[in-house]
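Notebook open, structure loaded. I want to look at the ligand site and then at one loop glycine.

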Amino acid sequence: MTHTECLIIGSGPAGYTAAIYAARANHNPILIEGPQMGGQLMTTTVVENFPGYPDGVEPFQMMDDLRRQAERFGTQFVSGIVTKVDFMHGEHHIWVEDTDEYTADTVIIATGASARYLGIPSEDTYRGHGVSACATCDGFFYRKKTVAVVGGGDTACEEATYLAGLCEKVYLIVRKPFLRASEIMQQRVLNNPKIEVLFEHNTLTLTGEGKVEGADLIYRKGEPDETIRHIDINGFFLAIGHHPNTQLFRGQIELDEEGFIRTVSGTQATNLAGIFAAGDCADPHYRQAIVAAGSGCKAAIEADKYLKSK
Ligand code: NDP
């Protein structure tokens, strides 16, 4: 069993920033890196809105910089997944891969969020065979082919624009009559001749022999002009938002109806003493790398205060 003053779960901007601050406060943090170093940001192409990078930055570069900065001040990294926690019996216990046990005076949860799926059965049938939630990871397989992206937010517009650079044609399937993405992202999509936006369409099912070859869509469901339409596609990309990675903490920490960790207003404190939350796992509103990093900083400062008060 290993004991630490500060254990951080998650290696996105929130986790690494928390580590930088906790390490500089001399708490020798241990950071459990989880399934993918760098978190969700690693699935984007280029980060253009993180202050300090006027020309944008590759996600790997940015996350590696954050990691090295945390390492420089003494953060210890553990590669693995946290499989169990016990915050209910005095000391905080954390298990990595079920076997390695840690105890910690403070824990900063920065487990982020994961992509949502529509929930139609054919999504599971073709997962890995034409269905993906990450254009940057899988777009390469669809060079010069036709794909569809579902969603009307910034992620969907970003993914559609990225795929348009690789593919012959991109459909953007939007359930409302408008995009909710930021103006600049909307303009990129609407001005791209390779992207066809299908407003007021929903996906009924995917079709194909062993892999995605098409999709049946419904236009204006329930309206007098409701129409079923088939499109031929080779890939189907989901970009309809994310759900927080907080299943592990259910029953121990207070979560909201959607599963986001509830924090005490204006702070990163959870309902449990010594447990803090930062980044997308506790943020149903902003979900920006810069906000996640800021909340990681706040969580580490609050953890430091908590440790000093003990
Ligand atoms: P959002 O929640 O903003 O958008 C989700 C989109 O998916 C909406 O258009 C929504 O439709 C649609 N949707 C949800 N469920 C379904 C469904 N069952 N069927 C069809 N469509 C569905 O998520 P994003 O991931 O796009 O963005 C999350 C946050 O991250 C936002 O704050 C965004 O600004 C930010 N972001 C910023 C980026 C940047 O600045 N470069 C890049 C990516 C994300 P509806 O509108 O009808 O609800």
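My entries on the ligand and the loop follow.

**Ground rules.** I am working with a predicted model, where local features need pLDDT of at least 70, side-chain atom pairs count only at pLDDT 80 or more, and totals for chains, interfaces and linings use all residues. Residues are numbered from 1 along each chain as its sequence is written, and side-chain values use heavy atoms, with hydrogens and water left out.

**Ligand shell.** I looked up the residues around the ligand (a heavy atom within 4 Å of it) and got 19, with Asn49, Gly152, Asp154, Thr155 and Arg180 coming nearest. By class I noted five nonpolar, eight polar and six charged residues; Gly goes with the polar ones, and charged is Asp, Glu, Lys and Arg. Helix H5 (residues 154-164) gives the most to this shell, with three residues. Helices here are DSSP runs of H or I with at least four residues, strands are E runs of at least two.

**Polar contacts.** I went through N or O pairs within 3.5 Å. To a ligand oxygen, Thr155 has a polar side-chain atom at 2.6 Å, Asn49 has one at 2.8 Å and Arg175 has one at 2.9 Å. The protein covers 79% of the 910 Å² of accessible area that the ligand has on its own (Shrake-Rupley, 1.4 Å probe).

**Gly56.** I found Gly56 in the loop between strand S2 (30-32) and helix H2 (59-72). Buried or exposed? Gly56 is partly exposed, because its relative accessibility is 22% and that class runs between buried (under 20%) and exposed (over 50%), counting protein chains only. Beyond its neighbours within four places in sequence, Gly56 is in contact with Val46, Val47 and Glu48 (heavy atoms within 4.5 Å). I also noted 6.3 Å between the C-alpha atoms of Gly56 and Val46, which sit 10 residues apart along the chain.

Terms used. A polar contact is a pair of N or O atoms within 3.5 Å; within protein, one must be able to donate a hydrogen and the other to accept it, and residues adjacent in sequence count only if both atoms are side-chain atoms. Buried means under 20% relative accessible area, exposed over 50%, partly exposed in between (1.4 Å probe, protein chains only).
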